[in-house]
Amino acid sequence: MTADGMATVNNVTLSKLQSLNGIFAIYKKQGPTSADVLNMLKQKLLNEAGVANANHRKRKKQALKLGHGGTLDSTASGVLVIGIGQGTKMLTTMLTGSKKYTAVGELGKATDTLDSSGSVVQEKRYDHITREAFEEKMKEFIGEIMQVPPLYSALKKDGKRLSVLLKQGHVVEAKPARPVTVYSLSLQDFSPPLFSLDIECGGGFYVRSLVDDLGKALSSCAHVRELTRTKQGRFTLEEHVLQEERWTFRDISQSLQPCPEPTAVQKNGKRGKARDSCSQPGSECADPTLRLFTFCVI
């Protein structure tokens with residue numbers, strides 16, 4: 001331990017970590033939840049600074065303040081944007097703009113979660129679907145469309161996630177359809193029953209719902225097999241994300257994008273959660289009444 005009580009490993013101290021303020025992007029692999037990945041990142045940084053046995057879920061007197069913007073499903077991979085220090089309060093402001101995904105879907109099978117993590121609840125024929133018919137039907141899903149969010153999602157009822165309520169055996173009603181925007185949608189590969197899509201969309205959009213709706217529109221059914229987020233706001237998979245071996249003080253410091261000074265409203269926001277700022281066009285919740293943009297501060 002140093003004289004001021006801060007542990008140091010490789011010249012990294014807790015005080016140095018706590019001096020970081022800004023936003024950066026990491027790669028989230030398939031399997032863990034976005035919250036799990038955030039906890040892994042936090043523990044790696046604290047270990048680098050020689051801080052052992054930190055309770056990363058304790059919200060009071062946090063050793064290190066981290067948050068993520070835009071939850072990725074556990075089965076999804078790709079860009080996960082992280083805020084550190086004051087950056088946790090600026091995630092909504094910094095993530096305005098579109099998101100991009102690549103998705104692999106499977107025709108002929110529908111699942112309760114709308115992806116490969118769920119149980120098959122329906123099987124239908126798909127041999128009548130041609131590439132031409134698929135591409136023609138896709139045109140109906142470009143622009144501003146109405147979309148019903150999946151039941152298994154991070155959306156909440158009475159303060160609890162719908163996915164958690166379902167797993168606990170509660171009866172959950174679907175949220176009403178709401179407007180979402182699809183800027184572009186293209187079919188990259190069509191090898192039935194599998195197909196792959198490139199999607200650019202606005203906030204509050206669910207790729208799982210799109211694939212499910214496409215299957216129904218083609219008189220069949222479908223679910224997402226693989227999903228990768230390739231862009232969120234200004235952060236892209238090719239240029240900005242840090243792989244797990246680069247979750248270090250040095251790499252984060254070099255890739256950190258500083259945040260503007262927070263406003264008085266943001267400074268007073270409870271635990272840094274964005275409120276009216278999420279109503280900005282192109283943000284993760286373009287309608288502040290939907291509260292679709294969430295991030296965790298741990």
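In the predicted model, strands β6 and β13 run antiparallel and are joined by eight bridges. Within this pairing, Thr-102 has Asp-198 of β13 as its bridge partner. Strand β6 is also joined to β14, again in the antiparallel sense, and here the number of bridges is nine; one of the facing pairs consists of Tyr-101 and Arg-229, the latter in β14. Strand β6 (99–107) is thus described by its pairing with β13 and by its pairing with β14.

The pairing continues from β13 to β12, since these two strands run antiparallel and are joined by eight bridges. Asp-189 is bridged in this ladder to Ser-196, which belongs to β13. The two strands form a hairpin, and two residues lie between them. Strand β12, which spans residues 178–191, additionally pairs with β9 over five bridges, once more in the antiparallel sense. In that pairing, Ile-145 is found opposite Val-180 of β12. Followed from one pairing to the next, the strands can be traced from β14 to β6, from β6 to β13, from β13 to β12 and from β12 to β9.

These strands are also part of the surroundings of helix α6, which comprises residues 207–217. The helix is mostly covered, with eight of its 11 residues buried. The buried positions are Val-207, Arg-208, Ser-209, Leu-210, Val-211 and Asp-212, together with Leu-214 and Gly-215. Among the elements that cover these buried residues are the strands β6, β9 (143–147), β12, β13 (194–201) and β14 (222–232), and the cover also includes a helix, α4, formed by residues 131–138. Beyond the helix, α6 is followed by Ser-219, a residue whose phi is positive, near 60 degrees.

Within α6, the position of Asp-212 can be described in further detail. Asp-212 has a relative accessibility of 10% and therefore counts as buried, the limit for this class being under 20% relative accessible area. When residues up to four places away in sequence are not counted, Asp-212 touches Leu-114 and Ala-222. Residue 222 is where the range of β14 begins, and β14 is listed among the elements covering the buried residues of α6. The same strand, β14, is joined to β6 by nine antiparallel bridges, and β6 is likewise included in the cover of the helix.

Notes:
Residues are numbered from 1 along each chain as its sequence is written. This is a predicted model: local features need pLDDT of at least 70, side-chain atom pairs count only at pLDDT 80 or more; totals for chains, interfaces and linings use all residues. Side-chain values use heavy atoms; hydrogens and water are left out. Helices (H or I, at least four residues) and strands (E, at least two) are DSSP runs, numbered from the N terminus. Buried means under 20% relative accessible area, exposed over 50%, partly exposed in between (1.4 Å probe, protein chains only). Contact means heavy atoms within 4.5 Å. Two strands pair if DSSP finds at least two bridges between them.
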